[in-house]
Amino acid sequence: MGSWLREEVEHYCKGISGWVPEVTEDTSDFVQSFVPSHKQLKQLGICFRGTDSIEGEGTVSFAVSDENGNTLFQETLSYDQISDSYYMFDVNLEVNIRKEYYITVDFSSETYGNVSLLLCGAADEMDENVAVYQGEVKLEEGQQLATWYVYENALTKEYAVKATLMILFCVFIIAVGCPLPLRQQKILAYILLLVSPYILGPKLEMLTTISYVRLENSMVWNIGLMYLFELILWLLLRNPGLTAATANGILTLIYTVNYFVYSYRGTSFRVSDLLAARTAGTVLGSYDLSPNAELAEAWLICLTVMIFGFALRRGRNLKWNVSFRVVGACTIIVSWLVLFQTQLLESQGFYTYSGFVEECTFSLNGYLVGSVLDTKRAGVTKPDGYSEEKVEEILADYEEEEVSDIEDLPHIILIMNESFSELRVLGNLEISEENMPFINSLSENTIKGYVNASGLGGGTANSEFEVFTGDTMAFLPTSYYPYFHCFRTSRESMVSQLSEYGYQTFSMHPMESSNYNRKTVYKNLGFGISYWKSDFSDAEEIHSGVSDLETYYKIEEIFENKEDGERLFVFDLTMQNHGGYESTNIDITVTAGEASTVEADIFLSLIKISDEAFGELVGYFEDYDEKVIICMFGDHQPLFSDDSFYETIYANTDGLTEQDKTLNQYKVPFVIWANYDIEEATDYDISMNYLGVLLMETAGVPMSSYFQYLSDLMEEYPIFTPRGYEDSEGNFYSWSEEETEFLDYRILQYYNLFD
């Protein structure tokens, strides 16, 4: 839990009962007694308060001991190693689930009072914790340190017995059915309908959240929404057993999807993600979809409810069915109006977060409440003062430029390389060998730097959108996909501009054309010819798909078949480096040193292959007899499921604030190279919405009034992302809730997208 989330918890989480008193010379140690719930204790986590603002030196000694006083694990850290506000210790202990153990945290500092620990109340459901002491003093009954426990093998004897009994029960019901009389079956069906959300709901809600960062009443409201969903289904189906089976099956499926989306993307599954469901389905095979113990338990309970519910079916008179279905439809309408058109949830203390803390919408409110709040803000409204006259006024200082001679312009190649990134931007990472030697060696006729993406671990289509149009995701809802919402007709873009100037425009993506609606979108962006997966039927595949090099061969083929005098624009969206990274078909050639994990090592090795392929492409055009300019960039950084990679990097890195760590996760490299003279630069740091502008400007291509406006804006404010914006002096600003910053830019973007 980063400091930004800790601050949100401090302000909004009513479940936290207070803070541990500050460290003093006499009471510098804290002891938390606990009883482990599983045998193999892999990690222990402790949440600190105030360590990211410490002045002076100090250390924290962390130890685990048994009830006889034997030290089982001990580690000492300096304050700068825990500046992230939390720390996970790799303890790797075999423990007894019937015995009590002790976590001792001892502070040693030249100046006491700087560091304390997060204290939570008993209602926060950290079941292992028993009592906490400061020095010799036992704190208030029911208080506990904010700790969490990670187990290597979560299958306990108790869980195994429960699972076996549920499985035997399901087998019996399937084989025999319910032998009870119809009246008793009816009673059981209603009992099942009433108790299943109460039993299953908390397990689903806790799949992706930690109890002590939730609002006090969030569980009640989320389970309440589950009961509302059951009520609506019952009114429509009029069969309690069938309703219980259907409702809990749907809810468990939704929460399962959210669990895996959160695991691999770092953000919760949103309603608008349904638009990209087909795209997601095409890459599911690349990821490890093994459930953890909690998810497996939830599904076991769900399947028991479903099997028992289907066994308790009974009929209803058609007249009653029709009546209740009318009531059900009315309930849907009323529920929609109350939840989505009023401030009911907000009046209960729930809140919609944005920017750095946008995930708090789900982690603090709970998933169902968070989904309602997130959906409420998904619409796009006109900026204040919007009118077509205002658009004309803003652009009055920028005249449309015309092309005098297309033969003076270069061919343009734009490559968006899937997940291409430099992991060393995150912090102190030592890798076994350089994995981008070619790109790093480029200097002549080269521009290099970082481009700041709007997404992490996903959102490829949104990066495309920003580069092509110059629009920014910062002015759109977090869950928005412009490729689905805004491209039903032609839209102005760098592609359409180049097409108007006489360029022959090509796109290629070695995946299905239906992904993110690209077949329609590319046509409306202005692409003349598009190549898809079927056009790479015999191509070499590396890791997640067609290799980068094979797409470069297709680019070379296009140039070899072009007619004299034609000017080409080719966009290439690669697939090779797509996640997941748990397994691969390549040799591991680069490792992440102390931060080595399977995922990180695979990814670093893939980037080396991409670097070599880019070197071959540049080599092909180096002596080409016409001017060519090539731009390659990553769409976003990968997101690894193994947190130990990030923890190791940050533990070895000094001086990074929480803001730095977050922002660095969105930086990906870009390189612009030309086979003719251009002005070199190596220190660009811009956002995606400016990259197309920079490329056209560097190529000397006349730009539309809108792109000229963006070119001027880039000089003063080079970075716009959903997390905030940055000025040319490096000052970072968060977005306000009023959405009034940069009204001119907002007005122009709204005009481009919706008017």
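1. Let's start with a pocket. By class, the second largest pocket in this predicted model has a lining of 15 nonpolar, nine polar and ten charged residues. In total, 34 residues line this pocket, and its volume is about 920 Å³. If you want to find the pocket on screen, look for Arg 377, Leu 476, Pro 477, Glu 737 and Glu 739, which lie nearest its centre.

2. Which elements give two or more residues to that lining? They are helix H11 (367-376) and helix H24 (743-754). H24 gives the most, with five residues.

3. Next, have a look at helix H14, which covers residues 460-469. Ten of its ten residues are buried, so "mostly covered" is a fair description, given that buried means under 20% relative accessible area. The buried residues run from Thr 460 to Thr 469, and they include charged ones such as Glu 464 and Glu 466 as well as Phe 465, Val 467 and Phe 468. Just after H14 comes Gly 470, with a positive phi of about 80°.

4. Phe 468 deserves a closer look. The largest nonpolar core has 75 residues, and Phe 468 is among those that touch the most other members, along with Leu 414, Tyr 483, Met 494, Phe 569 and Phe 633. Helix H22 (residues 688-699) supplies the largest share of this core, eight residues. Apart from this core lies another, of 54 residues, including Leu 429, Phe 614, Leu 617 and Leu 639.

5. What is Phe 468 in contact with, leaving aside neighbours within four places in sequence? Its partners are Leu 414, Tyr 483, Ser 493, Met 494, Val 495, Leu 525, Phe 527, Phe 569, Phe 571 and Phe 707. Of these, Leu 414, Tyr 483, Met 494 and Phe 569 were also named above for touching the most other core members.

6. Now for two serines. Is Ser 335, in helix H8 (residues 318-341), buried or exposed? Ser 335 counts as buried because its relative accessibility is 13%, below the 20% cut-off. Its side chain reaches the backbone oxygen of Thr 331 at 2.7 Å. Not counting residues up to four places away in sequence, Ser 335 touches Leu 228, Ile 232 and Phe 340.

7. Ser 290 sits in the loop between helix H6 (277-282) and helix H7 (293-311). With 47% relative accessibility, Ser 290 counts as partly exposed, since that class lies between 20% and 50%. Phe 260 is 30 residues away along the chain, and its C-alpha atom is separated from that of Ser 290 by 9.3 Å.

Methods. Residues numbered from 1 in each chain as written. Predicted model: local features only at pLDDT ≥ 70, side-chain atom pairs only at ≥ 80, totals over all residues. Heavy atoms only, no water. 1 Å grid on protein atoms, 1.4 Å probe; cavity = no way out; pocket = protein on both sides within 12 Å on 5 of 7 lines; lining within 4 Å. Points joined across faces, edges and corners; volume = space filled by probe spheres on them. Helix = DSSP H or I, 4+ residues; strand = E, 2+ residues; numbered from the N terminus. Buried < 20%, exposed > 50% of the residue type's maximum accessible area, 1.4 Å probe, protein only. Polar contact = N/O pair within 3.5 Å; in protein donor to acceptor, adjacent residues only side chain to side chain. Contact = heavy atoms within 4.5 Å. Core = buried A, V, L, I, M, F, W, Y, C linked by side-chain atoms within 4.5 Å.
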